Amino acid sequence: MRIAIVSDVHANLAALEAVLHHAEERRALDQVWSLGDMVGYGPQPREVLARLRELDVRGVVGNHDLAAIGQLPLDDFNPDAATAARWTARQLQPSDQRFVQSLPQVRREGDFTLVHGTLRWPVWEYLYSYESARAHLQRQESPFGLVGHTHVPMLVVEDSRFPRGCELYYLQDGTTVELDRGQRLVINPGGVGQPRDGDPRASYAIYDTDAATVTLHRVEYDIAATQRLMREAGLPLWLIERLSVGR
Ligand code: ZN
């Protein structure tokens with residue numbers, strides 16, 4: 001079985017469609033797993049939710065998803081994110097809200113645990129430091145974990161031989177991670193709809209269950225089309241511009 005792993009789609013339908021097309025060409029749509037923040041920032045929240053539901057996505061919620069259904073105060077959002085969250089909340093219909101509501105914060109799928117942030121603070125914490133990585137791994141009962149939230153593709157490998165107990169690596173386009181149940185690790189597939197590692201291409205991963213591998217992929221999409229829709233919706237300028245530079 002081949003599974004497409006997406007995170008932080010952020011209502012960017014053009015990016016999601018490009019990723020799904022790329023995965024389909026590799027016969028990697030047996031399942032779709034989503035690590036949260038399906039909406040927020042981008043111009044097509046309803047369309048993205050509909051597309052993911054159509055694929056029977058197995059997902060967890062992120063902070064932007066909860067904000068969009070009024071279940072998270074916006075105090076900790078920066079002003080642009082809060083503006084986008086309020087705009088998103090106005091678009092969603094009751095059926096969209098019920099779907100978001102139905103998703104858990106933590107989910108187990110086979111050898112993987114899925115969470116948006118970390119297992120310590122599921123929707124808020126960025127897994128970006130040795131300290132947060134250790135805190136996450138201590139709570140991870142499965143051999144492998146999947147996180148999103150940072151929008152930066154990354155691999156965390158637990159190893160007691162390292163002084164910090166684990167090592168962090170950036171994942172590049174085409175890099176394959178071999179899964180070995182004796183080696184606990186965490187993978188972040190990067191962001192589909194708003195990459196932040198300086199590469200504006202959409203980022204996602206394919207899990208091949210037979211080969212026991214996870215491979216990172218970067219996919220070009222029509223950034224200008226998403227930006228045009230964002231301008232029409234009156235979304236904040238910085239959120240529009242950052243898509244061009246992947247920051
Ligand atoms: Zn996000």
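Reader: Let's start with helix 6. Which of the residues in 130–139 are buried?

Author: Ser132, Ala133, Ala135, His136 and Leu137 are the buried ones in helix 6. Keep in mind that this is a predicted model.

Reader: Okay, and what covers those buried residues of helix 6?

Author: The cover includes four strands: strand 5 (112–115), strand 7 (154–158), strand 8 (166–170) and strand 10 (185–188).

Reader: Switching topic: which residues coordinate the zinc ion?

Author: Two aspartates and two histidines do: Asp8 and Asp37 through OD, His10 and His151 through NE2. The distances run from 2.1 to 2.4 Å.

Reader: What spacing do those donors follow along the chain?

Author: The pattern is D-x1-H-x26-D-x113-H.

Reader: And why is the arrangement around the zinc ion irregular?

Author: Look at the angles. The 4 donor atoms subtend 85 to 173 degrees, so the arrangement comes out as irregular. A tetrahedral label would need all angles between 85 and 135 degrees.

Reader: What would ideal tetrahedral angles be?

Author: For four tetrahedral donors, the ideal is 109.5 degrees.

Reader: Back to the zinc ligands. Is Asp8 buried or exposed?

Author: Asp8 counts as buried, because its relative accessibility is 0%. His10 counts as buried too, at 1%. The cut-off for buried is under 20%.

Reader: Now the rings. How many aromatic pairs are there?

Author: The count comes to 5 aromatic pairs. One of them is Trp33 with Phe112, an edge-to-face pair with 5.8 Å centre to centre and 70 degrees between the planes.

Reader: Where do those two sit in the chain?

Author: Trp33 is in strand 2 (residues 31–34) and Phe112 is in strand 5. They're 79 residues apart, so this pair links distant parts of the chain.

Reader: Are Trp33 and Phe112 buried or exposed?

Author: Both are buried. Trp33 has a relative accessible area of 3%.

Reader: Which kind of pair do Trp33 and Tyr207 form?

Author: A tilted one, at 5.8 Å centre to centre with 55 degrees between the planes. Tyr207 belongs to strand 11 (residues 202–208) and Trp33 to strand 2, so the pair ties together parts 174 residues apart in sequence. Tyr207 is buried as well, with a relative accessible area of 10%.

Reader: Which residues do the ring pairs link into a cluster?

Author: Trp33, Phe112, Phe144 and Tyr207.

Reader: Last one: what sits over the ring of Tyr130?

Author: That's the charged end of Arg164, 4.1 Å from the ring centre.

Definitions and conventions: Residues numbered from 1 in each chain as written. Predicted model: local features only at pLDDT ≥ 70, side-chain atom pairs only at ≥ 80, totals over all residues. Heavy atoms only, no water. Buried < 20%, exposed > 50% of the residue type's maximum accessible area, 1.4 Å probe, protein only. Contact = heavy atoms within 4.5 Å. Donors = N, O, S within 2.8 Å, 3.2 Å for Na, K, Ca; no water. Tetrahedral: all angles 85-135°; square planar, octahedral: opposite > 155°, others 65-115°. Phe/Tyr/Trp six-rings, centres within 6.5 Å; stacked < 30°, edge-to-face > 60°. Lys NZ or Arg CZ within 6 Å of the ring centre and 35° of its normal.
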